[in-house]
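Biologist: I'm new to this one, so could you take me on a close look at a single part, the largest nonpolar core, and what sits around it?

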Amino acid sequence: MRVLVTPDYRTLSLTAAELVVKAVRTKPGLVLGLPTGNTPIGLYEQLVRSYREQQLDFSKLRTFNLDEFVGLAPNDPHSYRTYMRKHFFDHVNVSAANTHIPENPGTYEDAIKQTGGIDLLIVGIGTNGHIAFNEPGSSFASRTREIELAPETIASAGKYFEGTPVPERAITMGIGTILESRCIVLLASGASKKSVVHRALNGPVSEAIPASALQLHPNVIAVLDEETSHHLRQLR
Ligand code: PGA
């Protein structure tokens, strides 16, 4: 695993965007796995900037999102489809037909396979160690499926739902699905992630910390900021 420590969130976002931009320039039909949440917002801002200012062409890009809540209409303001449109899809020339959000676990894996597999997958980490919505205890062999969200995940999503109930179930790519990606970029920023990042990257590989599965993958780049990695280095 390569660990890139960046001084702050802005540089983390720029670094992650450089990795994506380079991959899209090398392979315009790149198959890209995409996260939602707070952490990748700066990455999406930089990618939109690359489209506007450097004419980066996303017209052949294929995207597969990591997860989606169950029971929300696609145009619900809290759905991850809405998030993706707001932060990325509506601002670049990606073709809507090439963007995929997991709504049907049965067909999602087939759709990924038909593209030849995910080239580059970007993923965040939850404070409980989840990757996508693979909560602690998820099998490392798991595939795209419907799952029950952990109480801490529901609590942390609460701030975005502004008083409306957070769905208790979601569809997520499995850990086995994630690990089949050719390259994985883990993004983590801020003091709230430092303990779990240390356990995921340096601790035992265990289903109790789903992100520790990334230690099993041959091509992972962890892009962290100082706040997140401080603890990591102190404990080394
Ligand atoms: P965050 O979520 O980027 O909003 O911290 C990360 C995650 O739960 O995977």
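Modeller: Here is a walk through that core and the parts that meet it. First, the ground rules: this is a predicted model, so local features need pLDDT of at least 70 and side-chain atom pairs count only at pLDDT 80 or more, while totals for chains, interfaces and linings use all residues. Residues are numbered from 1 along each chain as its sequence is written, and side-chain values use heavy atoms, with hydrogens and water left out.

A nonpolar core here is a set of buried Ala, Val, Leu, Ile, Met, Phe, Trp, Tyr and Cys residues joined through side-chain atoms within 4.5 Å. Buried means under 20% relative accessible area, exposed means over 50%, and partly exposed is in between (1.4 Å probe, protein chains only). The largest core has 40 residues, and Leu47, Phe58, Phe88 and Leu120 touch the most other members. Among the elements that each supply at least two of its residues are helices H1 (9–26), H2 (41–54), H3 (80–87) and H5 (151–161). Strands chip in as well, including E2 (31–34) and E6 (120–123). H1 gives the most, with seven residues. Helices (H or I, at least four residues) and strands (E, at least two) are DSSP runs, numbered from the N terminus.

Now zoom in on Phe58. Leaving aside neighbours within four places in sequence, Phe58 is in contact (heavy atoms within 4.5 Å) with Val24, Leu47, Tyr51, Phe88, Val92, Asn93 and Val94. Asn93 from that list lies in the loop between H3 and strand E5 (99–100). With 26% relative accessibility, Asn93 counts as partly exposed. Again setting aside neighbours within four places, Asn93 is in contact with Tyr51, Leu56, Asp57, Phe58 and Ser59.

What about H2 and H3, two of the helices that feed the core? They pack at an angle of about 45°, with axes 9 Å apart. Axes are lines fitted to C-alpha atoms, for helices over the stretch in contact, and angles run from 0 to 180 degrees between N-to-C directions. Angles under 35 degrees count as roughly parallel, over 145 as roughly antiparallel, 65 to 115 as roughly perpendicular and the rest as oblique, so H2 and H3 are oblique to each other. Ile41, Tyr44 and Val48 of H2 meet Tyr83, Met84 and His87 of H3.
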